[in-house]
Structure formats: C-alpha cells, structure tokens
Amino acid sequence: MVRVAAFAAPGDLATPTGGFVYDRRIVQGLGAHGWRIETLNLGDGFPFPDETVRANALARLAAVPEGGTVVVDGLALGALPEAARRLGASHDLVALVHHPLALETGLSQDRAAALRQSEREALAGVRRVIVTSAFTARVLVAEYGAPPERVTVVRPGNDRKDPAPVRPGRGRPIEMVSVGAVTRRKGYDVLLAAAARLRDLAWRLTVVGDLGRDAEAAAQLRQDIAKFGLSDRVRVTGAIPDERLAELYATSDVFVLASRFEGYGMAFAEAIAHGLPVIGAAGGAVPETIPEGAGLLAPPGDAAAFALAIRRLITDDAERQRLAAAARAAAAALPTWDDAAQAFSQALERS
C-alpha cells in the first residue's frame, strides 16, 4: 500500500546546507518505504520571509487536500503559526525541527523572543514532532511545551565510506578541512582566530561551504584571512560537489568546525564516517554527535582553547591516529540514510 504525504521545505531542496541535505535524503528514502511524497517549496528567506513569500507559503499549504499527512520543516513552520493552527485542525501535521529558531547566533533579544513565541505557537498545533537529535528533543520538551510522547528523534543518516589510510604527519603540513555554510553560527571567525595562533606549525586549511547564506559572515571570513596573514594557508572553495568533497576528506588529516551551536552537526558525522578525527565546540548537540574518543571539544567561542586542541592534533601523531582509529570504529555504527528514512517512516505512522 502506497501512503501519501506532502513535505514542505523553506526553499529549494538542492540548497547545499545540512538541513536541506537531511530533507532531501529523507524525501528520497521514503519512497523505498512505501511513501509517495509531494514536495512543496515554500520560498526563500525563512524564518524571516517577506510578505510575498509568506503569503505564497500560506497559500501553498492551504491547498494541500484535507486529511492528509503534511510534514513542514521547522525553519518555515516556526515562522508560520497561523498555518500550523489551520493545518493542525484538518491534517495530520508533523513538524520537522532541526534546531529551535530562537537559538540562531546573532539574533537580537527581541527577535529571539519573537521567534521563540512564534515557534511555541506553531508546535502547539502539530500532531507530532520529529527532531534530529536527543538534545533538540529535550529543548522542545523543556522550553517549548512539546509533549514528550509526541517527539521522535530521527538522526541524520550517512553513506557508508571506505576511509583512506591514516597518513603519517612527519615531513609535511597537516591538512585540515572545515565544512559548513559560512554563517556566523558556524564560528569561522573563531576558527581563523585560532589558526592565527598556530603559524609556528606546518598546516593548511580548506574551508568548504555555501558563501551565499550570510554575506556579512562571508565578508568577515575573507577579511580575517587577510588580517591574520593566512592567505597562503587557508583556501576557501565555496560549496562543492559531493565527489570533490569526498576527495577532500580522503586527503585530509583533521576536521575542524567551531560552530557555536548545532542541532545535530551533520558535518561532524560526515567527517567521522570518513574516518577523520574532529575538533569542535561544545555547543548544542555537538558533544552528543561526536563519539567518545573520536574528537576534541573546546568551549563555544573560545579561540584560544580551540587553538590548543588543534595544536595537540598537529603536533602529536600518535594522538591524531588514536582519534582517527576511534572515528573509524564509530563510523560503522552510524545510521545509514536508509535507516533514517525507515525511522522517519515509522514516526509518520505513529498515532
């Protein structure tokens, strides 16, 4: 029996960010588990859409036939509480929350409070909530009034990898890679400030991520590279195809990302799937995403502590290889995308 659902996303599913990758892979995977999914593009600019985008999004959601299952990405739903109230009364409405909107870095106090209230109202209208981490589940229950029995964790999946052999570090620069859309929350300012403290060591850094999501953060990244005199060590690629990214992982020694907050941290899991030791900041779900022994954590926003963690893995071959071995062991236990789609399907079927 084929089951039908609508999946509403805040933009083009091909957008190169972790949240959109999750949405896209889940939509693709549900087909193998007996679902026919109609995707709805609600438009760009969420969670702060302009009036035209908001009106079009509300119209698209209102056109979904009554009684059916509708999954709405929380980046949009949290900003559309009126749609949640309407759909919740006439549909099987499911919210997919990657992380609470009010926890985005850089929001004013008033704007964060408005988003928190809007998302609370939206979540009150849904029948079920799917989140990508146990951390986010706890936040929604404790701070947003979500009934725990209605919240299901469906972790992102991974493609099985064949990690490249660990390379000795002696006699060459250590290759570091950082992957994530260039936004303030991703902490590239912290990463560059940390890297500036390590000019006495031999290393190179490649930054991979969409440069069009946050113009101010992208400009600061370029400015910091120049300010710290790191143009000969730091390469910025923008978003790249999956094949090129896989090649980059295969020739890297360490994954580094100084995110101030993550609702899960798909880039960390992807690096671990490739057998890389990781260095991150202990914000949000990151400590739960990184398996024990596979990485190092620094306090969010602490460039000095982040630099010490990087220094440790650059200068200690044995430590770097020990963490890489732990990452390889943990990679085998990561859920696949088919596992994630199956879990998502089961969550949709819950009464």
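The largest share of the lining of the second largest cavity, 3 residues, is contributed by helix α5, where helices (H or I, at least four residues) and strands (E, at least two) are DSSP runs numbered from the N terminus. The structure is a predicted model, in which local features require pLDDT of at least 70 and side-chain atom pairs count only at pLDDT 80 or more, whereas totals for chains, interfaces and linings use all residues. Residues are numbered from 1 along each chain as its sequence is written, and side-chain values use heavy atoms, with hydrogens and water left out.

Cavities were defined on a 1 Å grid over the protein atoms alone, as sets of points where a 1.4 Å probe fits but cannot get out, with lining residues having an atom within 4 Å of a point; grid points are joined across faces, edges and corners, and a volume is the space filled by probe spheres set on the points. By this rule, 2 cavities of 30 Å³ or more are counted, and the second largest cavity has a volume of about 30 Å³. The lining of this second largest cavity consists of Gly74, Leu77, Gly78, Ala95, Val97, Glu119, Ala122 and Leu123. Two or more of these residues are given by each of α3 (74–77), β4 (92–97) and α5. The lining divides into 5 nonpolar, 2 polar and 1 charged residues, with Ala, Val, Leu, Ile, Met, Phe, Trp, Tyr, Cys and Pro taken as nonpolar, Asp, Glu, Lys and Arg as charged, and the others, Gly among them, as polar.

Helix α5 (residues 109–124) also packs against helix α6 (residues 134–144), their axes coming within 11 Å and crossing at roughly 95°; axes are lines fitted to C-alpha atoms, for helices over the stretch in contact, and angles run from 0 to 180 degrees between N-to-C directions. The two helices are therefore roughly perpendicular, given that angles under 35 degrees count as roughly parallel, over 145 as roughly antiparallel, 65 to 115 as roughly perpendicular and the rest as oblique. Arg116, Glu119, Arg120 and Leu123 of α5 and Leu140, Glu143 and Tyr144 of α6 make the contact, contact meaning heavy atoms within 4.5 Å. By class, the residues of the α5 contact with α6 comprise 3 nonpolar, no polar and 4 charged.

For helix α2 (residues 51–62) and helix α4 (residues 81–90), the axes come within 10 Å and cross at roughly 10°, and these helices are therefore roughly parallel to each other. Their contact involves Arg54, Leu58, Leu61 and Ala62 of α2 together with Glu82, Ala83, Arg86 and Leu87 of α4, a set with 5 nonpolar, no polar and 3 charged residues.

An open sheet of 6 strands is formed in the order β2-β1-β3-β4-β5-β6 with parallel pairing, two strands being paired if DSSP finds at least two bridges between them. Strands β2 (35–41) and β6 (151–153) stand at the edges, each with a single partner strand, so that one side of each is left without a neighbour in the sheet. Neighbouring strands of this sheet are turned by 25° against each other on average, direction ignored. Within the sheet, strand β1 (residues 3–9) and strand β3 (residues 69–73) run parallel and are joined by 4 bridges, and alanine 5 stands opposite threonine 69 in β3.

A further open sheet of 6 strands, also with parallel pairing, follows the order β9-β8-β7-β10-β11-β12. Here the edges are occupied by β9 (234–238) and β12 (295–298), each with a single partner strand, so one side of each lacks a neighbour in the sheet. The average turn between neighbouring strands of this sheet is 20°, direction ignored. Strand β7 (residues 174–179) is joined to strand β8 (residues 203–208) by 6 bridges in a parallel arrangement, with glutamate 175 standing opposite arginine 204 in β8.

Two loop positions complete the description. Threonine 105, in the loop between β4 and α5, touches Arg184, Arg185 and Arg260, not counting residues up to four places away in sequence. In the loop between β2 and α2 lies proline 47, which is joined to phenylalanine 46 by a cis peptide bond with omega about 10°.

Technical notes
1 Å grid on protein atoms, 1.4 Å probe; cavity = no way out; pocket = protein on both sides within 12 Å on 5 of 7 lines; lining within 4 Å.
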